[in-house]
Amino acid sequence: MKINDKVFAAKTMLSDTTPLHTFLVKGKDFSVLIDSGVASMFGDIVDVVEEARSTDVRILFNTHPHADHIGSNRQLKEKYGLLVAAPAGSERWIEDMEYHYEQFCLPFPNILPHSEETKRDILGLMDGGSKVDLSITEGMTIKLDNDTQLTTLALSGHMMYEIGFIEHSTNTLILGDAITLYEGDLFPGHYSPKQYHATVKKLAEWNRQYQFKQVLTAHFDPTDSAGLNKHLLGVHHMIDQVDWTIHQILMEAACPLSLEPIWRAVCDRMGRIYEFRGLAMVHGHLTEAVQDGKVLQVGDSYTVR
Ligand SMILES: [Fe+2]
Ligand SMILES: [Fe+2]
């Protein structure tokens with residue numbers, strides 16, 4: 001699918017309502033891919049490269065190392081002989097699948113233990129580990145030709161390691177999951193509410209400055225500057241809602257509560273399923289609330305002061 005003169009997208013549906021996009025940015029000197037989707041998207045991405053008539057695909061950027069953004073890395077590397085580039089710090093998630101599973105799916109194995117089915121489901125989204133050739137930080141410039149120029153942004157929050165891009169000649173913002181699905185039956189997860197709030201603020205400031213013509217994300221349909229602001233508000237509200245819900249649960253509790261009942265109550269009250277992403281997210285909120293002195297930790301339990 002052609003987005004504009006420089007940017008093309010491949011799309012698949014992860015569920016009835018959740019799309020997954022990956023992108024190609026075409027330059028005269030060379031082209032780059034942004035995210036590799038799930039393993040089964042390989043053919044769609046190759047089709048987009050052909051549709052765009054991009055010959056020299058030199059780099060595949062992974063916005064962050066979640067399975068649905070790195071799934072076709074190995075096949076794309078083999079086909080195009082490209083370099084894999086990912087946010088600094090994320091390398092082992094992409095190179096070592098056992099480590100990926102443990103870090104992602106087993107944040108608290110005493111609460112949500114190892115499950116062969118979950119492991120198969122998650123690792124099945126990826127075509128195996130692949131070496132990361134370039135580690136990316138904010139402020140890097142990739143010149144695809146004299147006009148076509150990408151700059152990198154650091155956007156941690158959803159994950160500790162996440163990057164996004166601005167393509168300047170078309171004024172396009174390209175993101176992975178820096179804007180997560182803030183509605184739905186599953187928490188997509190964020191590791192740090194503070195970092196995530198900072199990223200939302202940063203994107204709003206960039207949007208004020210650039211008034212992006214097009215805003216592309218992995219899991220929403222392409223939008224514009226106004227659409228970005230709406231999404232940023234949605235994410236901001238979701239982060240705050242998790243905080244309020246945790247606070248309410250602790251206020252109403254007769255005694256200090258451990259992580260598991262707090263997490264389950266947050267899922268119940270916000271209508272989300274019990275899942276490892278939400279568990280790690282609730283822990284992130286509790287950790288920062290303790291640091292801020294809003295919540296008191298007594299052993300393994302939490303209470304409001
Ligand atoms: Fe993600
Ligand atoms: Fe994603």
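Here is a quick tour of this structure, from its domains and sheets to its iron site and its cores.

What you're looking at is a predicted model. The domain assignment splits the protein into domain 1 (7-235) and domain 2 (244-304). Along the way you'll meet an open sheet of 6 strands, another open sheet of 5 strands, and two iron ions that sit 3.7 Å apart.

**How the two domains sit together**

- Measuring from C-alpha centre to C-alpha centre, domain 1 and domain 2 lie 29 Å apart.
- The two do touch: 21 residues of domain 1 are in contact with 21 residues of domain 2.

**The six-stranded sheet**

- The strands line up in the order S1-S2-S3-S4-S5-S6, and their pairing is mixed.
- At the edges you'll find strand S1 (7-13) and strand S6 (134-136), each of which pairs on one side only.
- From one strand to the next, the twist of this sheet averages 25°.
- For a look at one pair, try strand S4 (residues 57-61) and strand S5 (residues 83-87), which pair in the parallel sense over 3 bridges.
- Within that pair, isoleucine 59 has leucine 83 in S5 as its bridge partner.
- Helix H1 packs on the sheet and touches S1, strand S2 (19-25), strand S3 (31-34) and S4. The direction of H1 makes about 155° with that of S1.
- Helix H3 (residues 73-80) lies across S3, S4 and S5, and runs at about 165° to S4.

**The five-stranded sheet**

- This open sheet has the order S7-S8-S9-S10-S11, again with mixed pairing.
- Its edge strands are strand S7 (141-143) and S11, and each pairs on one side only.
- Here the twist averages 20° from one strand to the next.
- Strand S9 (residues 163-167) and S10 run antiparallel, joined by 3 bridges. One of the matched-up residues is glutamate 167, whose bridge partner in S10 is threonine 172.

**Leucine 216, a residue to zoom in on**

- You'll find leucine 216 in strand S11 (residues 214-216).
- Is leucine 216 buried or exposed? It counts as buried because its relative accessible area is 1%, under the 20% cut-off.
- Leaving aside neighbours within four places in sequence, leucine 216 is in contact with Ile3, Val7, Phe23, Thr172, Leu173, Ile174, Leu175 and Pro222.
- Leucine 216 and histidine 21 are 195 residues apart in sequence, but 8.5 Å apart in space, C-alpha to C-alpha.

**The iron site**

- Which residues coordinate the iron ion (ligand 2)? They are Asp68, His69, Asp177 and His219, at 2.1 to 2.8 Å. The two histidines use their NE2 atoms, and Asp177 appears with two OD contacts.
- Written along the sequence, the donor residues of the iron ion (ligand 2) are spaced D-H-x107-D-x41-H.
- Aspartate 68 and aspartate 177 link distant parts of the chain, as they are 109 residues apart. Aspartate 68 is in helix H2 (residues 67-70), and aspartate 177 is in the loop between strand S10 (172-174) and helix H7 (193-210).
- Aspartate 68 and aspartate 177 are both buried.
- Aspartate 177 coordinates both the iron ion (ligand 2) and the iron ion (ligand 1).

**The nonpolar cores**

- In soluble globular proteins, nonpolar side chains tend to be buried together.
- The largest nonpolar core here has 35 residues, and the members that touch the most others are Leu24, Leu33, Leu76, Leu82, Ile122 and Met126.
- Helix H1 (residues 42-51) gives this core its largest share, 5 residues.
- Apart from neighbours within four places in sequence, isoleucine 122 is in contact with Ala67, His100, Phe104, Cys105 and Phe276.
- A second, separate core holds 22 residues, including Trp263, Met270, Leu286 and Ala289.

**Strands S12, S13 and S14**

- Strand S12 (residues 257-258) and strand S14 (residues 301-304) run antiparallel, joined by 2 bridges. Leucine 257 has tyrosine 302 in S14 as its bridge partner.
- Strand S13 (residues 295-298) and S14 run antiparallel too, with 4 bridges between them. Here valine 298 stands opposite serine 301 in S14.
- S13 and S14 make a hairpin with 2 residues between them. In its turn sits glycine 299, with a positive phi of about 60°.

Conventions
Residues are numbered from 1 along each chain as its sequence is written. Chains are lettered from A and ligands numbered from 1 in the order in which they are written. This is a predicted model: local features need pLDDT of at least 70, side-chain atom pairs count only at pLDDT 80 or more; totals for chains, interfaces and linings use all residues. Side-chain values use heavy atoms; hydrogens and water are left out. Buried means under 20% relative accessible area, exposed over 50%, partly exposed in between (1.4 Å probe, protein chains only). Contact means heavy atoms within 4.5 Å. Donors are N, O and S atoms within 2.8 Å of the metal (3.2 Å for Na, K and Ca); water is not among the atoms, so sites may look incomplete. A nonpolar core is a set of buried Ala, Val, Leu, Ile, Met, Phe, Trp, Tyr and Cys residues joined through side-chain atoms within 4.5 Å. Two strands pair if DSSP finds at least two bridges between them. Axes are lines fitted to C-alpha atoms, for helices over the stretch in contact, and angles run from 0 to 180 degrees between N-to-C directions. Domain bounds come from an automatic or database domain assignment.
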